[in-house]
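Colleague: Please take a close look at one part of this model, whichever you think repays it, and then follow its connections outward into the rest of the protein.

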Amino acid sequence: MTTASTTHLVLIPSYNPGPKVYETVRAARAQWTPVWVVVDGSTDTSAEGLQAMAAQDDGLRVLVLPRNGGKGAAVLHGLDLAAAQGFTHVLTMDSDGQHPAHLIPDFMAASARQPAAMVLGVPVFAADAPRLRVNGRKVSNGWANLETLWAGIGDSLFGFRVYPVEPLRQVMHGQRWMRRFDFDPEAVVRLCWRGVKPVNLPATVRYFRADEGGISHFNYLRDNLLLTWMHTRLFIGFVLRLPVLLSRRALGRS
Ligand SMILES: Nc1nc2c(ncn2[C@@H]2O[C@H](COP(=O)(O)OP(=O)(O)O)[C@@H](O)[C@H]2O)c(=O)[nH]1
Ligand SMILES: [Mg+2]
């Protein structure tokens, strides 16, 4: 049994995740206390299933949102409650079993060593990962690195990360975007702009076939359009901040 952290929390946003969600939550609970799941207007039976698990487990809390608001909106809901309860850091992970729960203690320890930083998972893909997704990542990573003048973002999209709560809340409450799949990349870029340094750690990622319970809500057309618009607004923000970013970089070198 793990001792309960009062500063670091595991936060799992979840939308119609399929049966993998139960083993995912169990795997997270085996590594950490507390774990919170935000059920984001799911229409499968996972809200009831997870609430039944939480009824037997003090270290698990299930927050249920009535309507689907998107991954970023669900994370923000959890962040606000976490802040109200005095948590300073959250580790976000996916609800569908793709992320390595066994690495939670290592990521939390890295965050405890450098509390002002964000700890980013850098995906280590197996050979069966879809080429289209692996290559799409390179495009998003190229943009994110340009937008931050190569501040050290190892991966812009991977959602297995530890964030400092306050700067992330400020970034998200400051604007209406970042509520869906545009959450992960925009969070790292905007946090970099605020001076939150990335710490990169490798993390294995798994892709399950449909017959193994693999489910993705990523829609190539809809979400690539969303990500294109996201990098457009980040690029505009980058151009406006260029003098600040360049002078910060010059100061860092001298
Ligand atoms: N709260 C919430 N979480 C979502 C939503 N869509 C995706 N997620 C979360 O984001 C993770 C990644 O989404 P997924 O559909 O698996 O995309 P992929 O892994 O990139 O193919 C999921 O495992 C969920 O935890 C959503 O609409 N609401
Ligand atoms: Mg997934």
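Modeller: Helices (H or I, at least four residues) and strands (E, at least two) are taken here as DSSP runs, numbered from the N terminus. The part I would choose is the strand β2, which covers residues 35-40, together with the loop between α1 and β2 in which Pro34 lies. This is a predicted model, in which local features need pLDDT of at least 70 and side-chain atom pairs count only at pLDDT 80 or more, while totals for chains, interfaces and linings use all residues. Residues are numbered from 1 along each chain as its sequence is written, and chains are lettered from A and ligands numbered from 1 in the order in which they are written.

The protein around this strand contains 8 helices and 7 strands, and its C-alpha trace spans about 55 × 40 × 35 Å along the principal axes. Of its 254 residues, 39% count as buried, where buried means 20 or more other C-beta atoms within 10 Å of the residue's own, exposed means 12 or fewer, and partly exposed lies in between, with C-beta atoms placed from the backbone. Contacts (C-beta atoms, placed from the backbone, within 7 Å) reach far along the chain: among those between residues at least 6 apart in sequence, 82% join residues at least 24 apart.

The approach to β2 has a feature of its own, since the peptide bond that joins Thr33 and Pro34 is cis, with omega of about 0°, and Pro34 belongs to the loop between α1 and β2. In the strand itself, 6 of the 6 residues are buried, and β2 can be called mostly covered. Val35, Val37 and Val39 point one way from β2, whereas Trp36, Val38 and Asp40 point the other way, and each of these residues is buried. Beside β2 runs β1, parallel to it and joined to it by 5 bridges; strands pair if DSSP finds at least two bridges between them. One of these pairings can be followed by residue, as the bridge partner of Pro13 in β2 is Val38.

The two paired strands also take part in the ligand site. Around ligand 1 there are 17 residues, of which the closest are Tyr15, Asp40, Ala74, Asp94 and Ser216; a residue belongs to this shell if its C-beta atom, placed from the backbone, lies within 6 Å of the ligand. β1, β2 and the helix α3 (71-84) each supply at least two residues of that shell. Asp40 therefore appears in two settings, being a buried residue of β2 and one of the closest residues to ligand 1.

A helix packs against these strands as well. In α2, which spans residues 46-55, Ser46, Ala47 and Leu50 are buried. Viewed down the axis of α2, its buried residues fall within an arc of 100° (the arc of the directions from the helix axis to the C-beta atoms), so they line one face of the helix. Those buried residues pack against β1, α1 (20-31), β2 and β3 (60-65).

The helix α4 (residues 104-113) presents a similar case elsewhere, with Ile104, Phe107, Met108 and Ser111 buried. Looking down the axis of α4, one finds its buried residues within an arc of 100°, so they line one face of the helix. Pro105, Ala109 and Arg113, on the other side of α4, are exposed. The cover over the buried residues of α4 includes β1 and α1, along with β4 (89-92), β5, β6 (161-164) and β7 (198-205).

Two residues further along the chain deserve a check of the backbone. Leu149, in the loop between α5 and β6, has a positive phi of about 50° although it is not a glycine, and it counts as partly exposed, with 15 C-beta neighbours inside 10 Å. Met178, in the loop between α6 (165-173) and α7 (183-193), also has a positive phi, near 70°, without being a glycine, but Met178 is buried, with 24 C-beta neighbours inside 10 Å.

Finally, the loop between β5 (118-125) and α5 (131-147) holds Pro130, which is exposed, with 11 other C-beta atoms within 10 Å. Pro130 and Tyr207 stand 77 residues apart in sequence but 8.1 Å apart in space, C-alpha to C-alpha. Ala129 lies in the loop between β5 and α5 too, and, leaving aside residues up to four places away in sequence, Ala129 touches Val134 and Tyr207.

Terms used: Two residues are in contact if their C-beta atoms, placed from the backbone, lie within 7 Å.
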